[in-house]
Each structure stands twice: as C-alpha cells, then as structure tokens.
Amino acid sequence: MANAYPSQSRGNSETSNVSPEHADGSRTAENSSREQGTVVVLANGPLPQREKLQDLCGKDQLFIGNSLHEIKRGTPDATVIFNWSGSRGLLRDVFLNCPKLHWIHSRSAGVDRSLFPELIASPVLLTNGTGAFSPSLGEFALAAILYFAKDLRRMIRNQMNGVWEAFDVLMAAGQTVGIIGYGDVGHAVAARVRPLGMKVLAVRRHVSSHADTLADRIYNLDGLLEMLSGCDYVVVTTPLTEETRGMIGEREIAAMRSTAVIINLGRGPVIKEQALVQALSQERIRGAALDVFDQEPLPAGHAFYKFQNVLLSPHCADHTEDWLDAAMQLFLEQLQRFQSGAPLINIVDKKLGY
C-alpha cells in the first residue's frame with residue numbers, strides 16, 4: 001500500500017541544490033535536480049501531437065491510459081503526470097502510486113477537479129492550462145455582449161417566422177463591463193471590450209498597486225456589490241474554490257441593474273443556480289450567457305433551455321478547431337522546461353485552488 005502521498009524526497013539526495021518552496025508548500029521547478037523518470041498521461045482516446053510527446057519522453061518512458069491498470073508499470077518511476085482527461089478519482093489513485101512524483105499538469109485551467117487532500121499536503125507541483133483558452137473565452141464574452149446589445153435572438157426569431165419588424169438596438173460603446181476574477185481570462189475579456197469603447201471594472205482577491213492599462217478600476221472582494229451596481233454586463237471568470245463557491249447569490253444579483261446581463265465563463269457553482277433561475281424567470285435582470293453549469297451535461301428539461309433571455313453554450317466556448325493542439329503544445333513546452341530544470345509557468349497555489 002502506498003503512503004498517504006508520494007515521498008517528499010526528490011531527485012538525487014546528495015545534491016545540495018534544493019528548490020525553494022511556495023507558500024502552499026509545493027516546490028518550485030527552478031534550479032532543481034531531477035530524475036528523468038517516466039511520464040504518465042491520463043487520457044481516454046487519441047492525443048494530439050502524440051509523436052512529439054513520445055520524442056520528448058522516449059517511447060519506453062511514456063505511459064498512457066485511462067485506468068490505473070493500464071499505466072501501472074509506469075507509476076514506480078513516474079516523475080510527471082499529465083491529466084489530459086482523467087477523473088479526480090483516477091488522478092488520486094495514480095498519484096498515490098507514484099513515489100517519485102515531482103509534478104502534475106492539468107489540461108484544464110480550472111483545477112477544482114484535480115485537487116484532493118493528499119496532493120494539497122504534498123510538495124508535488126501542480127500546473128494548469130491557463131492561457132491556452134483565454135483568447136477564445138474573451139471572444140465568447142464579446143459575442144455575448146453583442147448578442148444582447150443587438151438583440152440577435154429577436155432578429156433570428158423574426159427571420160425564422162418571416163416577420164419584418166424594425167426595432168432599436170443598443171450600442172456597446174459607453175457601457176460598463178464588470179469582470180469577477182481578473183486573471184488571464186479576465187484580461188482577455190478586457191482586451192476585447194476596451195476597443196469598443198466600453199468601460200472596464202474588475203474584482204479580484206488581491207489588488208495590485210501597479211496601474212492596469214485595461215481596467216478603469218479594480219476592487220477587492222469587499223467592493224463586489226458596489227461594482228455590480230454599476231455594470232451593464234458582468235463577466236464571471238473566477239475559478240471554483242471554497243471561497244468562490246456560491247459567490248454570486250440573491251444579494252449579489254439584487255445589486256445588479258435590471259438591464260444587466262451576467263456571463264459565466266468560470267465554473268457553474270460560482271453562481272447560485274436557483275437564485276439565477278428565479279432572477280431570470282422574474283426578469284429582475286435582462287439575461288444571462290452561460291458556458292458552465294452546476295451539472296454538466298445540463299439535464300433535459302432544465303429551465304435554462306426554455307428561457308428566452310438565456311444564451312446557452314454547452315461548455316464549449318473555448319473549443320476552437322485547434323484547442324486540443326494548443327493544450328498539448330502548452331504541456332510540451334512545460335515538459336521541456338521541466339526536463340531542462342527551467343522554471344515552470346502556471347504554477348497553482350494548491351491551498352488557494354488557482
């Protein structure tokens with residue numbers, strides 16, 4: 001039976017070049033001595049750029065599978081796990097069988113499905129796919145804004161019904177976008193709405209003293225209600241953590257303008273679903289554009305399917321034709337850094353969850 005988590009001993013025990021640690025206890029990758037062990041990829045189905053992956057790892061050092069049984073031979077010497085599409089349960093099982101593990105990479109930017117107590121308590125590094133998906137999510141937010149501003153549903157409905165009906169539309173210019181979670185995706189949203197002449201507000205956990213070239217004002221969490229009250233569009237990009245679960249509920253929705261639209265690109269449970277359903281059904285806000293949900297796939301018969309004031313995307317706003325290649329390319333670049341001893345990017349604070 002494996003230990004509760006892999007041994008904290010890393011690399012050659014004789015080296016004095018010990019890597020520093022992050023606040024959450026995980027080690028950095030900088031200047032550390034490493035064993036070039038096996039690489040385990042948790043995946044079900046074909047992988048893009050598989051030949052490049054094999055070239056980097058060495059064919060005999062790469063183990064791909066969707067069960068512990070399939071990759072069991074690679075776990076004793078595994079220094080890297082790439083969670084391409086494995087469940088949290090599978091990741092945990094494999095983790096507990098990798099005593100030499102240094103690093104786990106998650107294909108997804110959100111790591112709420114990758115974290116578990118043993119990993120959080122260990123010194124194993126966790127990185128994520130931040131950056132690979134941000135441009136397309138930024139474009140989706142822009143599309144959602146224009147969808148409501150120009151009332152595209154009404155245009156399409158009239159066209160399908162053969163109705164010629166002129167109506168007024170709104171300008172996006174001059175309106176205010178509020179971004180909750182001003183990280184990589186939040187910046188991608190801001191970068192796309194600013195050229196339209198929109199004002200940008202943002203809320204983030206830590207407010208930097210440095211000036212931001214995209215946001216007109218950045219609030220800390222205590223300023224959330226104030227920000228919401230001044231927005232025409234609210235874009236949620238925050239990851240799901242214990243702190244952000246249910247972050248947007250009845251009180252927050254009540255603070256929004258009746259003409260406001262909420263756009264969720266983060267995780268479904270960040271918004272209290274029942275509170276949003278009630279607000280939309282009672283038209284207390286103008287509408288919502290949703291790419292993420294409490295339960296996915298969204299169950300048949302759910303109210304979101306029926307509401308005329310909801311734009312629904314089945315968690316595919318970032319599924320461009322090359323999104324899988326982009327996700328793999330990021331890992332390949334990370335793996336090259338790891339193999340050379342260079343610092344990894346996108347290191348997750350496991351205790352904070354992002």
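Let's start with Pro-297, which sits in the loop between strand E11, residues 287-290, and helix H11, residues 303-306. Please keep in mind that this is a predicted model. What kind of peptide bond joins Glu-296 and Pro-297? A cis one, with omega at about -5 degrees.

While we're on loops, there are two backbone angles to show you. Asp-151 is not a glycine, and yet its phi is positive, about 50 degrees. You'll find Asp-151 in the loop between H5 and helix H6, residues 152-160. Its relative accessible area is 23%, so Asp-151 is partly exposed. The other one is His-315, again not a glycine and again with a positive phi of about 50 degrees. His-315 belongs to the loop between strand E12, residues 310-312, and H12. With 21% relative accessibility, His-315 also counts as partly exposed.

Back to the loop between H5 and H6, where we also find Lys-150. Buried, exposed or partly exposed: which is Lys-150? Partly exposed, at a relative accessible area of 22%. Leaving out residues up to four places away in sequence, Lys-150 touches Met-155, Phe-167, Val-169, Leu-170 and Met-171. Its C-alpha atom is 8.9 Å from that of Ala-172, a residue 22 places along the chain.

Now compare Asn-128, in the loop between strand E5, residues 125-127, and H5. Asn-128 has a relative accessibility of 7%, and because buried means under 20%, Asn-128 counts as buried. Which residues does Asn-128 touch, not counting those up to four places away in sequence? They are His-105, Ser-106, Ser-108, Ala-109, Val-111, Leu-330, Asn-346 and Val-348. Take Val-111 from that list: the C-alpha atoms of Asn-128 and Val-111 are 7.1 Å apart, with their positions 17 residues apart along the chain.

Let's move on to helices. The axes of H1, residues 50-57, and H12, residues 323-340, come within 11 Å of each other and cross at roughly 5 degrees. Angles under 35 degrees count as roughly parallel, and so H1 is roughly parallel to H12. From H1, the residues in the contact are Lys-52, Leu-53, Leu-56 and Cys-57. They meet Met-328, Gln-329, Phe-331, Leu-332, Leu-335, Gln-336 and Gln-339 in H12. By character, the contact holds 7 nonpolar residues, 3 polar and 1 charged.

Leu-53 deserves another look. Setting aside residues up to four places away in sequence, Leu-53 touches Val-41, Leu-47, Leu-62, Met-328, Phe-331, Leu-332 and Leu-335. In the largest nonpolar core, which has 49 residues, Leu-53 is among those that touch the most other members, along with Val-41, Leu-265 and Phe-331. Which helix gives this core its largest share? That would be H5, residues 134-149, with 9 residues. Apart from this core there is another, of 32 residues, including Met-227, Val-236, Ile-248 and Ala-260.

Last stop: helix H3, residues 88-95. Its buried residues are Leu-90, Leu-91, Val-94 and Phe-95. Looking down the axis of H3, these buried residues fall within an arc of 135 degrees, so they line one face of the helix. As a reminder, an α-helix has 3.6 residues a turn, so residues three or four places apart point the same way. And what do the buried residues of H3 pack against? Strand E1 (38-42), helix H2 (68-71), strand E3 (78-83), strand E4 (103-106) and helix H4 (117-121).

Methods:
Residues are numbered from 1 along each chain as its sequence is written. This is a predicted model: local features need pLDDT of at least 70, side-chain atom pairs count only at pLDDT 80 or more; totals for chains, interfaces and linings use all residues. Side-chain values use heavy atoms; hydrogens and water are left out. Axes are lines fitted to C-alpha atoms, for helices over the stretch in contact, and angles run from 0 to 180 degrees between N-to-C directions. Helices (H or I, at least four residues) and strands (E, at least two) are DSSP runs, numbered from the N terminus. Angles under 35 degrees count as roughly parallel, over 145 as roughly antiparallel, 65 to 115 as roughly perpendicular and the rest as oblique. Contact means heavy atoms within 4.5 Å. Ala, Val, Leu, Ile, Met, Phe, Trp, Tyr, Cys and Pro count as nonpolar, Asp, Glu, Lys and Arg as charged, and the others, Gly among them, as polar. A nonpolar core is a set of buried Ala, Val, Leu, Ile, Met, Phe, Trp, Tyr and Cys residues joined through side-chain atoms within 4.5 Å. Buried means under 20% relative accessible area, exposed over 50%, partly exposed in between (1.4 Å probe, protein chains only). The arc is that of the directions from the helix axis to the C-beta atoms.
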